[in-house]
Structures are given as structure tokens and as C-alpha cells.
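Please open the model in your viewer and keep the selection panel at hand. The tour goes from one selection to the next and says what is found at each stop.

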Amino acid sequence: MQVSKRINDIPMSGIRKMFDLAGPDSINLGLGEPDLAPPKEAIEGMNRASSAGRNKYGPTAGIPELRQAVADRFRKYGDISGSNIMITPSGSSALLEITMSVVNPGDDVLVPSPGFVIYGPHAQLAGGTFTEYKLTDGDFQPDIDDIQSKITSKTKMLVVTNPSNPTGGVLNEQSYKALCDIAEDKDITILADEVYESFIYEGKHHSFMNQLDKAIVASGFSKMMAVTGWRMGFLCASEEMMEYLIKMQYHVCASPNMPAMYGILDALPNIDPYLENARKVYKARRDLICKRINDIPGMSIQPPKGAFYAFPSYDLDIKSQELAGELVKAGLICTPGSAFGKYGEGHLRFSYAADETKIDKGMDILESTMKKLR
Ligand SMILES: Cc1ncc(COP(=O)(O)O)c(C=O)c1O
């Protein structure tokens, strides 16, 4: 059978490659997945909904009560209502549905580099191309000059991840304003990926939910409630754009997972204590991993302000793929920076959504491997 060129041309994500090489007792700091338990209200709510027979198709945009509850929670960022929210079967599908609804064949999409791995392939699936823009060293802000130099008449959309995977960078006010100006001046749509919004340890979240004339926001519950397997996300868009996004989602999946929506609905209004605890746990781990990394000769990191990733640089003259390969052989799984785009080279990504014992053991392996290689 012949496959489409569209899918044949897209390489498999480099994140999963490392797992194939790993031994059974390896320390895994490769996965971007919370290790905390989900809120019990969510699990009980989902079970209850399923037992009560809520197992049929639902409204395409999600149940109105949950759309409203999401709008209520995020109204602190912008003047939004339930009709600006669509529940999606994951943040990933929100990203794809947005890209498919904005990008025409031949259009170009600017994507952050280092950046999450699916934006470029999504642009290609929509028949477009993508161009990587740089993040600045150290605090990983979008490099505005680099963005300006890469805008062409074909540039249709610009993706911004805030907070960022893989860098943990959080957009500062200056970067946020500069991106808004670019979108305005050049008539470019911003796709803001805000799935890590709940995990900011210092500073403030600058959401694009108050810029819906030029931005669409993709977000989700996977990381917020540690339910990566439920596949529950949402997007936030102007009412005008929403009409098209709902049409897109109808053709993708008809409607999102019904019992899971009820579970999320039961947990969301009172999620703050759960998230406060999660932030406390992750922040302590972030401090631990950054200290351990900065104590290793040849490695350095500025403590990331958000998400749960550390993205240090190293001074060895080898590719990140090779260094990650050495670490896997020594029993530590991480992700080479190059998996996140050409400007990710010279870095490794460690997820600190793992307990402190694992982080310590992983850092022992990193330390001894770096010593050996230097
Ligand atoms: C930046 C970013 N966006 C989106 C996603 C997708 O999350 P999900 O599809 O689980 O909602 C991830 C997952 O790792 C991510 O890191």
C-alpha cells in the first residue's frame, strides 16, 4: 500500500528514540509526564459519569458546563466566556486543529527552536512549511530580531510556547509585547501553547487569552491534573474563529471523551490547593536538579522559571545525540537537545517530574559520565 507523501516526509519524534536504547533499570528523566497522582475528584467524577451512563457522543465543542468552568478559571487573563472555549481530545489535537484551520498549502509557520516537537510537522500536515526561530541563551526568550528577519510574505502563523518545553523558559513582558506587535503589524496569527500555565515558579504568566483578535491559545489538562492518558485538552479562540474550529473538530473526532469531561469538571473549580502542592514539589526538584547540574564541571543552567524541564548546556565538543547515547549506556535516559530543533544542539533535556531520589541518582550518572568524557 502506498502512504501519503505528507506523512512519509515527517520523521518520528526524537524524544521516544532514547527509550528503545534503554535498559530496564535505567533512571528515566526523559518523559514529559507528571508523576503525581491526579486529583481524586477527577477520578471519582469520571467513574461516576461512566457508571451513570454518560458513555455516548457529546456536543462537538464539549459539554457546556465544562466550557463555562474553563472560562471562569481563565477569565483572570482575558474577557472570555464559555463560547470562547472548546474542549479537545488533548492539547496535541488542539494544536493540530488550530494549525489545520489557519494554515493554507504554501504558508509558512514560525516555530520556536528549541521547541516542542509537533509544531513543524503539524504545519507540514496542513500543506505548509515551517521555519525555526531562535530562543535567546540562558533565559530562552523568543529572539525578536531573528523572528523579524525570518518573516516573509508566506508567514501565516507564529507559535509561542509559554512556559516552554523543553527549556522551562517563561515569557517576560517585553517579549510578550514584542510578539503582540509583530502579530499586529504583519498580520500573523499567534498560536500560543500554554499547556504548562499551572507551573510557574517565579514571575507572572502573560497569557494570549486577552489577544483573541490575533491569537488562539491551546492548552490542556494532561499536565495540570496529571492525566496524560485521559487525552483531555482545550483551546481558547474568538467566537468568530470558534465556528471554524468546531467544524474542524467535528470532522476529526465528533466530540471529546464524555466521562473524562465530567471528571475534569468535578475537579477544576477547586484545583488550586492541588496545584499549589504540585508547584511546591516541582520547585524543590527544580532547585535540586539545577544545583546538581551547576556543580558538574562543564555543565550549566539558569534555573528555569516554569514547566518541569531542565535544559542545561554542556561544553564538550560532541553532539547531544551522542552524549545522550553515552548517558543511556550508563543508565540515565534524557533527551538530546537536537530533538527539539537545530538551535537545541549543545543541550540536554531532563524532566524533573520524577522523585528526588531518582533525580539524585540520575545526576550521579551525569556527573560520572561528564567526568569520563572530559
Ligand atoms: C509544549 C507542549 N504542548 C503540548 C503538549 C501536548 O500535551 P497533551 O496532548 O497531553 O495535552 C505537550 C506534551 O508534552 C507539550 O509539552
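Begin by selecting Ile200, which is found in the loop between β6 (189-193) and β7 (215-220), where helices (H or I, at least four residues) and strands (E, at least two) are DSSP runs numbered from the N terminus. This is a predicted model, in which local features need pLDDT of at least 70 and side-chain atom pairs count only at pLDDT 80 or more, while totals for chains, interfaces and linings use all residues. Residues are numbered from 1 along each chain as its sequence is written, and side-chain values use heavy atoms, with hydrogens and water left out.

Ile200 counts as buried, at 14% relative accessibility; buried means under 20% relative accessible area, exposed over 50%, and partly exposed in between (1.4 Å probe, protein chains only). Add Leu96 to the selection and draw a distance between the two C-alpha atoms: Ile200 and Leu96 are 104 residues apart along the chain, and their C-alpha atoms are separated by 25 Å.

Next, select the ligand together with the 14 residues that surround it, the closest being Gly91, Ser92, Asp193, Ser222 and Lys223; a residue is near a molecule if one of its heavy atoms lies within 4 Å of it. By class, this shell holds 5 nonpolar, 6 polar and 3 charged residues, with Ala, Val, Leu, Ile, Met, Phe, Trp, Tyr, Cys and Pro counted as nonpolar, Asp, Glu, Lys and Arg as charged, and the others, Gly among them, as polar. Colour helix α5 (residues 91-102), which gives the most to the shell around the ligand, with 3 residues.

Which atoms of Gly91, Asn165 and Lys223 should be labelled against the oxygen atoms of the ligand? For Gly91, a backbone N or O atom lies 2.7 Å from a ligand oxygen atom; for Asn165, a side-chain N or O atom is 2.8 Å from an oxygen atom of the ligand; and for Lys223, a polar side-chain atom lies 2.6 Å from a ligand oxygen atom. Taken alone, the ligand exposes 400 Å², and the protein buries 93% of that (accessible areas by the Shrake-Rupley method with a 1.4 Å probe; for residues, only the protein chains shown count as cover).

Move on to Thr88, which lies in strand β2 (residues 85-88) and counts as buried, at 0% relative accessibility. From there, the Thr88 side chain reaches the backbone nitrogen of Phe234 at 3.2 Å.

Finish at Asp107, placed in the loop between α5 and β3 (108-113) and buried, with a relative accessible area of 14%. A polar atom of the Asp107 side chain lies 2.7 Å from the backbone nitrogen of Asn104.

Notes:
A polar contact is a pair of N or O atoms within 3.5 Å; within protein, one must be able to donate a hydrogen and the other to accept it, and residues adjacent in sequence count only if both atoms are side-chain atoms.
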